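Here is a friendly walk through a two-chain model, best read with the viewer open. Please take a look at the sequence and the coordinates before reading on.

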Amino acid sequence: MDSKAPDLAVRHLSVRYGEQVALSDVSLDLEGGQVLALIGPSGCGKSTFLRVLNRLVDRSLEVRYEGEVVLGGIRILDPDTDLVALRRAVGMVFQQPSAFPFSVFDNVAYGPRLQGIRSSHRLRSIVESSLKKAALWDEVRGKLRRPAASLSGGQQQRLCIARALAVAPRVLLLDEPTAALDPLSTTKIEELILSLRGDYTLILVTHNLQQAARISDVTAFFRQGLLVEIAPTREMFTAPKCAETEEFLTGRYE
Amino acid sequence: MKPVTGRPRGDHLLYRVVWLGALLLLMLGFAIAAILVWGTVKFVIDHGLNPSLLGTIYQPTHDQFGLLPFIAGSLVVTMIAIVVALPLALSVAVTVIATLPRQMQMIRQILSGLVAIPSVVFGWWGLSLLVPSIRWISGRPGFSLLAGGLVLAIMILPTLSLLSINALDRVSVRWVEGSLALGATPDQTLGRLILSVSRIPLLEASILAVGRALGETMAVQMVIGGRVLLPHGLLSPGATLTTQLLTDISLLPPGIPGHYVLDFMALLLLVAMYGMVVLVERTRRWSL
C-alpha cells in the first residue's frame with residue numbers, strides 16, 4: 001500500500017445472518033483520507049458495514065456475504081485475504097471503551113508486540129507517538145504504568161484510538177466512538193478525528209447527526225440494510241435528494 | 001406529623017431465627033476446632049513435645065509418631081493431581097469458550113453432573129482400572145502414590161474445568177474483538193489476552209482444587225496401598241494424612257495410648273485447608 005490513505009470501493013455488498021438480511025446490494029465509493037459518516041436508525045446495517053471492512057463480521061453466526069469490497073488494493077471479501085494483514089491496515093474503535101485490563105503502556109504496546117517488536121526503546125517511541133497522535137500524551141505521561149481502568153471514559157476511548165494507531169493502520173473504523181462519553185470528551189474525540197483526516201481514511205458510525213455534520217466529508221444514510229443516499233455531507237444536510245433522508249434528518253422519521 | 005422511627009414490633013422475628021441458625025453453625029465450627037486443639041493438648045500432656053513427630057517411623061502404640069510419610073504422601077498426591085488436572089481442565093475450558101460457545105450450557109450441565117459423582121466411585125474406578133494398569137506397566141503392586149494422585153486428578157477435573165470455564169467466560173467480548181481488530185491471531189488472543197486476563201481467577205480455581213484434593217480420603221485410600229513408611233518414588237505405596245486418619249480410627253480408638261495423635265493430624269489438615277481459604281481470599285484481593 002502506498003503512503004496515501006486508501007480509497008474504498010464497495011460493489012453490490014450483501015450480508016446475511018442466517019435468514020436475516022443485514023445489508024442488501026450496497027455500493028459506494030470513498031476517496032482516501034476522507035471522513036465517511038454512516039447514519040441511520042438502529043439495526044439499519046451501519047455496524048455490519050463497519051465490521052465487514054475488517055472482517056470482524058466473520059465472528060457472527062451463520063454469516064454470509066457477497067459482493068466486492070476493495071480497500072487500497074486489498075480485496076477484503078476474498079476467502080484468501082490475510083485477516084491479520086487486513087486488520088493491521090484497518091484499525092477499529094468500539095462504542096464502549098474496550099481498553100484491556102493492562103497498564104496504559106501495555107494497552108498501546110499490545111499491537112506492536114503482536115508483530116514481534118521486543119525492543120523496549122522502539123516500543124516506548126511507538127507508544128509515545130501513538131499517544132501523541134491520539135491527543136492523550138499530555139494527560140498520561142508519567143502514568144504509563146497505571147492501569148488503563150484508572151483513566152476516565154473519554155481518556156480510555158482515546159487510549160483505544162492510540163492503541164489502534166500503534167499498529168500503523170491506514171484506515172480507522174469508529175463504531176459510535178462517543179456514544180458513551182460526556183460532551184467535553186466528545187469534543188476532544190471529534191477534534192482528534194479531524195486531525196487524523198487526510199492521513200487516514202476514517203469511517204464513522206454515529207447516532208449523533210450534528211456530529212456527522214460537524215466532522216464528516218461524506219455522509220451515507222442506511223435504512224433496513226439499504227443504502228438510501230450517499231452524498232457530500234454539506235449537500236446531504238442542506239438538500240437531501242431522497243424524501244426519506246430528509247425525514248430522517250429532520251427527526252420526523254419513525 | 002410524628003416522625004416514623006423503627007419498624008413495627010415482630011418484624012425482626014425471622015431475622016432473629018436466621019441469626020440463631022447462623023450462630024449455631026459458627027459455634028459448631030469453633031467446637032470442632034476446639035476439640036482438635038484439646039486433643040492436641042492432651043497429646044502433648046501424654047507424650048510431651050515428642051521429637052519423633054518429625055521422624056519417619058510411625059508406631060503410635062510404641063511412642064513413635066513420625067508424620068513425615070503422611071505429610072509427604074499428601075503433598076505428592078495433591079501435586080500429581082493438580083499438575084495432571086490443570087492442563088486438562090484448561091484445555092476443556094479453552095475448547096468450550098473458543099469453539100463450542102453454543103454448547104456451553106450443556107457442557108456445564110454435564111460437568112456439574114460429574115462433580116456430583118461420589119468420590120468412592122472414582123476410587124472404585126481407580127481400583128479396577130488404574131491400579132491394574134500401573135501394575136501391568138511397572139511390574140510393581142500398582143497401589144501407589146501415582147494411583148492416588150491420578151484418581152484425584154480425574155476427581156477434581158470436572159470441578160476445575162467448570163471453574164476454568166467460568167474464569168475464561170468472564171473475559172469480555174469487547175477485549176477479544178479489540179485484540180482481533182489489532183491483527184492478533186486467535187492463538188495470540190488466547191495467550192496474550194484471554195489467559196493473561198484470567199490468570200488470577202485460574203489461580204483461585206487451582207487453589208480450590210488443591211484444597212479438594214488435599215482433603216479427599218476415600219478415593220485415595222482405595223488405591224494408595226496404605227503403607228506407613230516414607231515412600232521412595234511415585235510407584236511405591238504410601239499413605240496421606242487423610243487416609244491414615246481413616247485407617248487409624250479403628251486401630252487407635254479412644255483410650256488406646258497414642259490416640260490423640262489423630263487429633264493432631266486432623267488439626268494439621270484443618271490448618272492446611274484454612275491456609276488454602278486464606279490464599280483464595282488473598283488472590284481475590286490481588287485481582288481487584
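## Starting from one valine

Leaving aside residues up to four places away in sequence, Val197(B) touches Pro101(A), Val171(B) and Trp175(B). Everything here refers to a predicted model. Val197(B) sits in helix α7 of chain B. Is this valine buried or exposed? Val197(B) is buried, because 21 other C-beta atoms lie within 10 Å and the cut-off for burial is 20 or more. One of its partners, Val171(B), is 26 residues away in sequence, and the two C-alpha atoms are 7.1 Å apart in space.

Another partner, Trp175(B), belongs to helix α6 of chain B. Which residues does the tryptophan touch, again not counting residues up to four places away in sequence? Trp175(B) touches Ser98(A) and Phe100(A) in chain A, and Leu193(B) and Val197(B) in chain B. Trp175(B) has 18 other C-beta atoms within 10 Å and is therefore partly exposed. For a sense of separation, Trp175(B) and Leu130(B) are 45 residues apart in sequence, with 43 Å between their C-alpha atoms.

## The helix pair behind these contacts

Two packed helices are described by the angle between their axes and the distance between the axes. In chain B, helix α6 (residues 173–181) and helix α7 (residues 186–197) have axes that come within 10 Å and cross at roughly 155°. How are the two helices oriented to each other? Angles over 145 degrees count as roughly antiparallel, so α6(B) and α7(B) are roughly antiparallel to each other. The crossing of α6(B) and α7(B) is right-handed.

From α6(B), the contact is made by Trp175(B), Val176(B), Ser179(B) and Leu180(B), while α7(B) brings Thr189(B), Leu193(B), Ile194(B) and Val197(B). By class, the residues of this contact comprise 6 nonpolar and 2 polar, with no charged ones. Both Trp175(B) and Val197(B) are thus part of the contact between the helices, and each also touches chain A: Trp175(B) through Ser98(A) and Phe100(A), Val197(B) through Pro101(A).

## Where the chains meet

How many residues does each chain give to the contact between chains? Chain A gives 18 residues and chain B gives 13. On the side of chain B that touches chain A, α6 and α7 each supply at least two residues. The largest share of that side comes from α6(B), with 6 residues. Sorted by class, the side of chain B that touches chain A has 7 nonpolar, 4 polar and 2 charged residues.

## The two chains as wholes

Chain A has 10 helices and 10 strands, whereas chain B has 11 helices and 2 strands. Along the sequence, chain B reads α-β-β-α-α-α-α-α-α-α-α-α-α.

Why does chain A agree with the expectation for a compact globule? For 254 residues, such a globule would have a radius of gyration near 18 Å, and chain A has 18 Å, so the value agrees. For chain B, the corresponding globule of 288 residues would have a radius of gyration near 19 Å, but chain B has 24 Å. The C-alpha atoms of chain A fill a box of roughly 55 × 40 × 35 Å along the principal axes; the C-alpha trace of chain B spans about 75 × 70 × 30 Å along its own.

Of the 254 residues of chain A, 46% count as buried; of the 288 residues of chain B, the share is 38%. Among contacts in chain A between residues at least 6 apart in sequence, 69% join residues at least 24 apart. In chain B, residues 24 or more positions apart account for 74% of the contacts with a separation of 6 or more.

## Two backbone details in chain A

Two residues of chain A have a positive phi without being glycine, and they are set out below.

| Residue | Phi | Loop in chain A | C-beta neighbours within 10 Å |
|---|---|---|---|
| Arg55(A) | about 55° | between α1 (46–53) and β4 (63–71) | 19 |
| Ala168(A) | near 55° | between α6 (153–165) and β7 (171–175) | 15 |

Are these residues buried or exposed? Arg55(A) is partly exposed, because its count is 19. Ala168(A), with 15 neighbours, also counts as partly exposed.

How values were computed: Residues are numbered from 1 along each chain as its sequence is written. Chains are lettered from A and ligands numbered from 1 in the order in which they are written. This is a predicted model: local features need pLDDT of at least 70, side-chain atom pairs count only at pLDDT 80 or more; totals for chains, interfaces and linings use all residues. Helices (H or I, at least four residues) and strands (E, at least two) are DSSP runs, numbered from the N terminus. A residue is buried if 20 or more other C-beta atoms lie within 10 Å of its own, exposed if 12 or fewer, and partly exposed in between; C-beta atoms are placed from the backbone. Axes are lines fitted to C-alpha atoms, for helices over the stretch in contact, and angles run from 0 to 180 degrees between N-to-C directions. Angles under 35 degrees count as roughly parallel, over 145 as roughly antiparallel, 65 to 115 as roughly perpendicular and the rest as oblique. A crossing is left-handed if the near helix is turned anticlockwise from the far one by less than a right angle, and right-handed if clockwise. Two residues are in contact if their C-beta atoms, placed from the backbone, lie within 7 Å. Ala, Val, Leu, Ile, Met, Phe, Trp, Tyr, Cys and Pro count as nonpolar, Asp, Glu, Lys and Arg as charged, and the others, Gly among them, as polar. The radius of gyration is taken over C-alpha atoms; the globule rule is 2.2 Å times the number of residues to the power 0.38.
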